[in-house]
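The following paragraphs offer a guided reading of a single protein chain. Please keep the sequence and the three-dimensional view at hand while reading.

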Amino acid sequence: MAREDSPATPDWRTTGERIDALIAASGSGGAVARERSEELVRVVADFYGAGLERLLDLVHEQGRLDEDVLATLAGDELVAGVLLVHGLHPYGVETRVEQALESVRPYLGSHGGDVELLAVTDEGTVRLRLLGSCDGCPSSSVTLRLAVQGAVEAAAPEITSIEVETAADEDAGAAGPLVPVDSLFARLHTESGTAEDGASWEVVPELSGLESGAVARVGVGRMPVVACRVGTDLFAFEDRCARCERPFEGATLARRLGGRSGDAVLRCAGCRAHYDVRRAGVCLDENGGHLAPLPLLSDGAVVSVSVPAAVAQ
């Protein structure tokens, strides 16, 4: 499993908000004070950015900056974010977008859907195609689209827009403009809201500080939910074992036997069934069984889970 942060480690996810708050507070001293605060932040950021770039150059000159090291750097949420800020991320925007889509494919597949990257334009527009269907999923299209948008924006914050077409558009011979991102990826205007297809996105504060390797059971409205974090990735499922149909009380998370670093298995304490959390909760002990994954969005500080509107309140 990934290394857990020390309890003394600052919550770096809120650092940006704190910087903004301090700059805003400096504005009470007048326009000059605010300008100096903003300049100070820029100078400090440029200074550390130059040092970070030199550090990477030195590692490269020593022949240590190989593909494995680059993948490790890119896979760490904090390090990747700092590299992005300074334009030093080892992967281009198209690679990062494709990796982001790969990370949400287990969710899409569990709802009968998929997504294909068509192109990333020079103007910063990401063009996608949604595939498959969401039959039986209470949060169908909005669930899929919000999950895709959140992943893409986190991996490539420099993009300017996301345009999407569906398989139905292609079958109909649609050759015109793709669906605008503003109408397709309609964000909720409140922390908790109901989508058109009957899904409600609920903020779950208990999951924001969940550490890597930990399992938590929470109530989201009237729905019991089990969640776990693997490295920086967070997963949520309905709190019911597919085999024994009991809640995941006492469940543990472990690395899959013979699996790669980052693979994780959720183990039911009651019947000892094993579920692959990265593959939408598929049961590893018998064919056909799987958990009920719940779409989840996180901006680094706030975690929201989508549940049927009927059980949201």
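Of the contacts in the chain with a separation of 6 or more, 52% are accounted for by residues 24 or more positions apart. The model from which this value was computed is a predicted one. The chain contains eight helices and 14 strands, and buried residues make up 36% of its 313 residues.

The helices offer a convenient starting point. Helix α3 spans residues 67-75 and helix α4 spans residues 77-85; their axes come within 5 Å and cross at roughly 95°. Angles of 65 to 115 degrees count as roughly perpendicular, and α3 and α4 are therefore roughly perpendicular to each other. On the side of α3, the contact is made by Leu73, Ala74 and Gly75, while α4 contributes Glu77, Val79, Ala80 and Leu83. Sorted by class, this contact between α3 and α4 comprises five nonpolar residues, one polar residue and one charged residue.

Further along the chain, attention turns to a pair of strands. Strand β1 (residues 113-120) and strand β2 (residues 125-132) run antiparallel and are joined by seven bridges. Two pairs of residues help to trace the register: Asp114 has Leu131 in β2 as its bridge partner, and Val120 stands opposite Val126 in β2. The two strands form a hairpin with four residues between them, and in the turn Gly124 has a positive phi of about 90°.

Strand β2 also holds Thr125. Is this residue buried or exposed? A residue counts as buried under 20% relative accessible area; Thr125, at 12% relative accessibility, is therefore buried. Its side chain makes a polar contact of 2.9 Å with the side chain of Ser161. If residues up to four places away in sequence are not counted, Thr125 touches Ala119, Val120, Thr160, Ser161 and Glu163. Val120 thus appears both among the residues that Thr125 touches and opposite Val126 in the hairpin.

The next element to follow is an open sheet of three strands, in the order β6-β7-β8 and with antiparallel pairing. Its edge strands are β6 (215-220) and β8 (233-238), each of which pairs on one side only. From one strand to the next, the twist averages 30°. Strand β7 (residues 223-230) runs antiparallel to β8, and six bridges join the two. Within this pairing, Val230 has Asp233 in β8 as its bridge partner.

A further open sheet has four strands, in the order β9-β10-β11-β12, again with antiparallel pairing. At its edges stand β9 (252-254) and β12 (282-283); each has a single partner strand, so one side of each is left without a neighbour in the sheet. The partner of β9 is strand β10 (residues 265-267), and the two pair in the antiparallel sense over three bridges. Thr252 has Arg267 in β10 as its bridge partner.

Two loop residues deserve attention for their backbone geometry. As background, most residues other than glycine have a negative phi. Glu245, although not a glycine, has a positive phi of about 60°. This residue is found in the loop between β8 and β9, that is, in the loop linking a strand at the edge of the three-stranded sheet to one at the edge of the four-stranded sheet. Is Glu245 buried or exposed? Since exposed means over 50% relative accessible area, Glu245 is exposed, with a value of 55%.

Arg272 also has a positive phi, of about 65°, although it is not a glycine. Its location is the loop between β10 and β11 (274-276), two strands that are neighbours in the order of the four-stranded sheet. With a relative accessible area of 51%, Arg272 is exposed. The positive phi of Gly124, by contrast, belongs to a glycine and lies in the turn of the β1-β2 hairpin.

Key:
Residues numbered from 1 in each chain as written. Predicted model: local features only at pLDDT ≥ 70, side-chain atom pairs only at ≥ 80, totals over all residues. Heavy atoms only, no water. Pairing = 2+ DSSP bridges. Axes fitted to C-alpha atoms, helices over the stretch in contact; angles between N-to-C directions. Parallel < 35°, antiparallel > 145°, perpendicular 65-115°, else oblique. Contact = heavy atoms within 4.5 Å. Nonpolar A, V, L, I, M, F, W, Y, C, P; charged D, E, K, R; others polar. Buried < 20%, exposed > 50% of the residue type's maximum accessible area, 1.4 Å probe, protein only. Polar contact = N/O pair within 3.5 Å; in protein donor to acceptor, adjacent residues only side chain to side chain.
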